[in-house]
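Reader: I should like to understand how the terms used for a protein model follow from its coordinates. May we go through some of them in turn?

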Amino acid sequence: MTRKLLTGNGAAAWGARLAATDYIPAFPITPQTEIIETLSTWIDQGDMDARMVTMESEHSMITAAAAAAASGIRVFSATSSQGLLYGMEMLYTVSGWRAPFVLVNVSRGLASPITLEPDHNDIMAARDCGFLQIHCATCQEVLDSTLMAFRLAEHEHIRLPVIVNMDGFYLSFTREPVELPEAAAAQRFVGDYDAENIRFRASAPVSQAVAVLGGAPYSYFRYETHMAAQHGLAVYDELSTTFAEQFGRVYPAIDAYRCDDADTAFVMLGSFATKAQAAVDRLREAGHRIGLLRPRLLRPFPAELFRRLLAGISGVAVIDQNLSMGMGGVLHAELAGALYGHARAPSCLLSFIGGLGGRDISLEEFFQIAEVTRTAVAEQHTPPPRLLYTEQELREMRKLQAIASVERDELNNAGGLEHD
Amino acid sequence: MTEQTVTLYRSMKDLPSTHLLGTGTPMCAGCGGLEALNQLYDIIGEKSVFINAAGCMTLLSVYPFTPFRGSWLYTAMASAPAGAQGVRDALDILIKKQRMPADEDMQVVVLTGDGSAYGMGLSATSGAIERNLDFLYICYDNEGYGNTGQQFSAATPHGARTSTSTGRRGYPGFKKDLFAIWAAHKPAYVATVAGAEPVDLARKIEKAMSIKGPRLIIALSPCPTGWDYDPQDTVTIGKLAVKTGIWPLKEYIDGQVVHTKPPRERKPVEDYLKLQGRYKHLFEPERNEPLITEIQQKVDRYWHNVG
Amino acid sequence: MYRIRFHGRGGQGMKTASRILGTAFFLQGYEVQDAPRYGAERRGAPIFAYVRADQQPIFERGIITQPDLVIVADDSLVPVPAAGVLTGADAHTVMLINSDETTATWQHRLNLASSIITLPAEALERDELRFIGATCTGAAARLLGVISRDNLQQAIEQELAQLGDAIIEKNLSRASLAYDSMQGHQGCVQTAAEANAVDYHKPAWIELPFDDARISAPDIHAAANSVKIRTGLWRTLRPVIDYARCSRCWWVCSTFCPDGAIKVDDKTPVIDYDHCKGCMVCVAQCPPHAIEAIPEEQAKQQEAELETPA
């Protein structure tokens, strides 16, 4: 057992290596590039018996990954934001091939305007495509989730590709202590890939991913894919239990922190939830009964588990690091859908949007979110969603706009420059 | 790079007389693309996996029916060569790691129309050639986006009527020189073929099958539906395409371009054009002499440069 | 609401026919919805088109499952399952079949509750087949009984405007003849009772059982099973080899057949009529002109005669 400092990217690369990946189609994009550089170096040095191919685009990369998986080998790939979207057509297409592989997505805010810093709009755009999604909060979790993802994807009741998501910069380039499983133990856990009958052999001709005409047959294929994705809940529970037995680290589908006697709770995805966890501890010290729910699985959506964990909690603040234009926070909307009509659902479900493009969410903001939630419960009135932004931030923005020669009258009226 | 100098195919007698590709597909009656595919498949054989991009031929396999005796994978319009990369690499890895016996290997063949080959798929093809992927690429060229109703593509010839070039002078653009673009990558082999010239086609496929690396073929595919003619004229039109010099039969190999069947006395392009409804506006209600001449001169210039 | 379905083959003008009828209804003051539906969008392959017409705005969409009138432009489609000619036809449906065979023959053959009217198919040359649509539309208009000859005419002129006067004339005369020929059946088409929300036929919903991917992936684990589809049913002309003239050329017809439907058996070319689509490339290319094109109906009759014991 080795414990070393690894970045999230480094952890992802180790996950691919320990899973005995055969094939890595690649394309560089910030902030993922370190993953493929690491894998490439290991292959060149003979430390990893795999082939890496740099494709000419992410659309081609996803195609190559799935075609190789459909031929019967174990495949790993990685991308981010614009690259994930460039390949979006193929994300939908290849999940219908029912050929499993693992794709690490390093979450990054989407253009426009273009940025390199993290948020979750990219991975949210992929939520309907048929890939399963595991969300990580630590570099350790990235490595462990990659190993679990292979088993999850390849399970006979699932056979769907899986995305393992980590936040750009805050995980991808940040070093944390990570325990590296022994290669043999990891390989025992992941096992060998059994392609069953989805593969190419000269002696067994097969026409794969063919056209389908007719609404009823098409619906069959789509419904079955959906049901396979839903099987992810039971299979994930099974294999995360096995993982805990073999490696001692526990990863339930939703991480519930100090929720047992809580009357309010944060709900958050990803690495910023670590900050929410710290906020919970401070708030508890101040006498508030608050907890945190951090879902790891976003697809399949763990609706029943959410309902169980939130039963008895009156006020929930969902903090979305994503924004569906014209609608709001995606996790908030999905959670509302899972809770609606259920007897012990929280009476107040609040929405906060923050962290876009890597914007920090301070401890004080968590404290304030908790207070607004408590007030909502007391008054039995849920306020409208809040886009987290401060006075100071607006002042800074006005300065930038002035430099960019944005209309001076507008800036003056908004009370920007003159009140500097 | 080895090259087969002795051919099995000297005349039509040497061509297969039972055909591997299954009948019963929904291609139009008289489809020049299907004719070429039938001839190709007889020589490529069933130890193959065809990787397809969106186009008319996508409907060869509609659940639960397929005409292939080998394998098939439908990908998407832009990325069939990337699919070929994945399959080829996977087969190599399986053999190298001894998880699959070598006799289970297959020829990886990309099959696309001109829409994908000349346009959306060009980036993926360029990448595949540049990576020296060992694959065969067959483009069935019916000079337009056929499956969606024959809108013009980058392969549409100057002056042709399509559903998006219905003016009196037809398509204002010029047919992209895909052969030259592919050849500029210096792949192992590039060739043009036509179902109307089956012996020439057979020899080229045979040669392609004996080489490794990227091997790319464009098959002229006369299209009764898109080019607007009676299906029985498919071979007549194909032969005229060659005899008028409009469709040069050539190959690129070892850095050289060789014309395999240069027409001895070129027939006037008019003989080819007037059989097709897509060129009707060149002749009715009155002859568009300048446009006919322009087409003829372009062909003349080409052969003049060939020398 | 009138619900009408047209069945034909790609290239026979069913889409235009449905538009002519739709426009005729529209000119007559009805609310209209018309559309074609292609399976494989190919010449010769079965297609259908439909028309809905009502005095009120139409709140119905998609294919017609309970037709009042079914028009079959090409009777060779009736035995083709994929064509769906008989789908939803019940006691109130009128079937109009363009056919040389008699009403009695069809009634006996189909054994339907629907009433059947035949529209005699003239022995049409290949290029005359384009006017089937006009014939069917003219007949349909009379059967419906609510479309005037004038509006039918106007509809034809409108829908075919870009084809030129000569073609429009031909269509008009065909439609008019058919309109006249249906005088005895004027207005026989009845609309169906609308579905009610009280005693409706309950949909048989199930919980779809879960199948593992090795079953539920869109994969075909078979080789060349496309041969089960008899594309020979697309044919309107049949190529027939005169073996006396066939020079055993090795094997122009077999090589050039786009569908690979000609193979060589013991030095003799044999055409697979289950799959030959009738493109006539072999006829055009046979060096000694030993292959002849015969109308499919005629060829079928000759076959039947050969099979009948003397």
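**Reading the terms from the model**

Author: We may begin in chain C of this predicted model. Leu69(C) stands opposite Val94(C), which belongs to strand 5 of chain C.

Reader: What makes strand 4 and strand 5 of chain C a pair?

Author: Two strands pair if at least two bridges are found between them. Strand 4 (residues 69–72) and strand 5 (residues 94–98) of chain C are joined over four bridges, in the parallel sense. The condition is therefore met.

Reader: Which helices of chain C pack on the sheet or lie across its strands?

Author: Helix 3 (residues 132–144) of chain C packs on the sheet and touches strand 1 (2–9), strand 4, strand 5 and strand 6 of chain C. The direction of helix 3 makes about 150° with that of strand 5 of chain C. Helix 2 (residues 103–110) of chain C lies across strand 5 and strand 6, and runs at about 140° to strand 6 of chain C.

Reader: In what order do the strands of the sheet in chain C lie, and how are they paired?

Author: Six strands of chain C form an open sheet in the order 2-3-1-4-5-6, with mixed pairing. Strand 2 (31–38) and strand 6 (115–119) of chain C are called edge strands because each pairs on one side only. From one strand to the next, the twist averages 15°.

Reader: How do you know how compact chain B is for its length?

Author: Chain B holds ten helices and eight strands. The radius of gyration of chain B is 19 Å, close to the 19 Å that the globule rule gives for 307 residues, so chain B is as compact as a globular protein of that length. The C-alpha trace of chain B spans about 70 × 45 × 40 Å along its principal axes.

Reader: What makes a residue of chain B count as buried, and what percentage of the residues do so?

Author: The cut-off is 20 or more other C-beta atoms within 10 Å of the residue's own. Of the 307 residues of chain B, 57% count as buried.

Reader: How does chain A stand against the globule rule?

Author: Chain A has 15 helices and 16 strands. For 420 residues the globule rule gives 22 Å, and the radius of gyration of chain A, 22 Å, is close to that value, so chain A is as compact as a globular protein of that length.

Technical notes. Residues are numbered from 1 along each chain as its sequence is written. Chains are lettered from A and ligands numbered from 1 in the order in which they are written. This is a predicted model: local features need pLDDT of at least 70, side-chain atom pairs count only at pLDDT 80 or more; totals for chains, interfaces and linings use all residues. Helices (H or I, at least four residues) and strands (E, at least two) are DSSP runs, numbered from the N terminus. The radius of gyration is taken over C-alpha atoms; the globule rule is 2.2 Å times the number of residues to the power 0.38. A residue is buried if 20 or more other C-beta atoms lie within 10 Å of its own, exposed if 12 or fewer, and partly exposed in between; C-beta atoms are placed from the backbone. Axes are lines fitted to C-alpha atoms, for helices over the stretch in contact, and angles run from 0 to 180 degrees between N-to-C directions. Two residues are in contact if their C-beta atoms, placed from the backbone, lie within 7 Å.
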